[in-house]
Each structure stands twice: as structure tokens, then as C-alpha cells.
Amino acid sequence: MDTENIIREIDIWIDEFTPCLKDNLTGEVVNTEVIRIRRKSFLGKFNRKSGWYVNWGKIVEDYEVYALVLEGTVDIQGLVALKRNDELKAMYIAWMCTAPQNNPKMNDSPKYTGVGGHLFAIAGSESIKAEYGGAIYGYAANQQVLEHYMKKMHATHVGVLHPYQFCVFENEMQEIIKTYTYAYSGEEI
């Protein structure tokens, strides 16, 4: 299956901008790291049946996939799929998803708060590495999610390629990135 031309709609909620993840049961702040995942075989277990909405093993064929993990582990709390767009000078967010345990649509009491903002910050950091200054874009799932991104991240509604297309420009993304203290582990799987 060619995932290259499929428009993925993002439906991740930003509950809080937190420097690290917050355990909702204990209130403890938990340090995080980012790992690049390249192995299709590793991502095979992250699929619809296990609560990850799509088959991430297929996504990795066409996109750069990054995992937000608890520091010193490969305990994945969220995944984001990105693609560089040199023409637009922005990082395209093809897909992002919180771990089922953190997804408020699947759990009345998500384990950790702060995953959504982290995933957007990872996209912004990768945009900076690609020399796009932090600019990102994607497609919100609906008007409510689009308005949420406009309020929480100061996203701009673009609406050219999709009715809920949004962009977060460099200055706004720089402010989001400043919130986070996660580290790139340098590890790749």
C-alpha cells in the first residue's frame, strides 16, 4: 500500500504543554527522550488492533517516524510520522498518535498528560534540523480540532489542500519547543 498520497487527518488533543510527561495518577513528572524508528518489523505491533489507529509498520515506509519514550526505555508514549517538504520549507506531519494508555478517547483516565504537545514539538525540532526554522503543517480531523490547534499553538488555518489544513510558523513553534526538556537519545531502532 502506498501511503505517500493519502491525506492523514490529525486528531490529537493537546491537554497541556509540560516540560516532560506528567503521571496523572501520582502527579510525578517523568523525563522523556525521542528515538527515531526505522525498522518496519519493530513498528508492526503498533496497529489498529492494538489501538494505534493505523499500521505504523506501513507508515515507516514513506515517512520519518519518531517515538516519544520514557527516559532510558523504549516505552513508547506517542508516535509521529514526518516528511520534509523543501518546496514549502516546512515539515509535514503525516500522522501522530498517543499510546492507547494516554488516549482520552480510549481511557477515562489517561496515564500521562503532555504527549500531544511533545509530538508537535518533535515535529518542530525536526523542521529546524531540516532548516525550515520550525515551520510545520498538517490536516486537522475536523473544525473543532483545527480551532483547538489555533488556540493552543497559534496555528494558522491555511485550507488550501484540505478544508482543515493548518500551519504553525517558525516563531510560534519556537515558543512551543522552548517548553520541552526531552532529549534525543541518538538511538535508532
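This dialogue covers confidence, salt bridges, a pocket and a surface patch in a predicted model.

Trainee: Which elements of the chain have the lowest and the highest mean pLDDT?

Mentor: Where pLDDT is low, the predicted coordinates should not be read in detail. Here the mean pLDDT of the chain is 92, with 96% of residues at 70 or more. Strand β12 (residues 183-188) has the lowest mean among the elements, 75, and β10 the highest, 98.

Trainee: How many salt bridges are there?

Mentor: Side chains of opposite charge can pair when their charged atoms come close. The count in this model is 7 salt bridges. One of them joins Lys 111 and Asp 23, at 3.3 Å from N to O. Lys 111 lies in the loop between β7 and β8 and Asp 23 in strand β2, so the pair ties together parts 88 residues apart in sequence.

Trainee: Is Asp 23 buried or exposed?

Mentor: Asp 23 counts as buried because its relative accessibility is 8%, under the cut-off of 20%. Lys 111, at 34%, counts as partly exposed.

Trainee: Which residues are closest to the centre of the largest pocket?

Mentor: The largest pocket holds about 330 Å³ of space. Of its 19 lining residues, Asp 11, Ile 12, Trp 13, Thr 98 and Asn 103 are the closest to the centre. Strand β7 gives the largest share of the lining, 4 residues.

Trainee: Which residues make the nonpolar surface patch of about 280 Å²?

Mentor: Val 158, Val 160 and Leu 161 make this patch. Val 158 is placed in the loop between β10 and β11, and at 35% relative accessibility Val 158 counts as partly exposed.

Definitions and conventions
Residues are numbered from 1 along each chain as its sequence is written. This is a predicted model: local features need pLDDT of at least 70, side-chain atom pairs count only at pLDDT 80 or more; totals for chains, interfaces and linings use all residues. Side-chain values use heavy atoms; hydrogens and water are left out. Patches are made of residues with over 30% relative accessible area and no salt bridge: like charges are joined within 9 Å, nonpolar side chains (Val, Leu, Ile, Met, Phe, Trp, Tyr) within 5 Å. Accessible areas come from the Shrake-Rupley method with a 1.4 Å probe; for residues, only the protein chains shown count as cover. A salt bridge is a side-chain nitrogen of Lys or Arg within 4 Å of a carboxyl oxygen of Asp or Glu. Helices (H or I, at least four residues) and strands (E, at least two) are DSSP runs, numbered from the N terminus. Buried means under 20% relative accessible area, exposed over 50%, partly exposed in between (1.4 Å probe, protein chains only). pLDDT is the predictor's confidence in each residue, from 0 to 100. On a 1 Å grid over the protein atoms alone, a cavity is a set of points where a 1.4 Å probe fits but cannot get out, and a pocket is an open set with protein on both sides within 12 Å along at least five of seven lines; lining residues have an atom within 4 Å of a point. Grid points are joined across faces, edges and corners, and a volume is the space filled by probe spheres set on the points.
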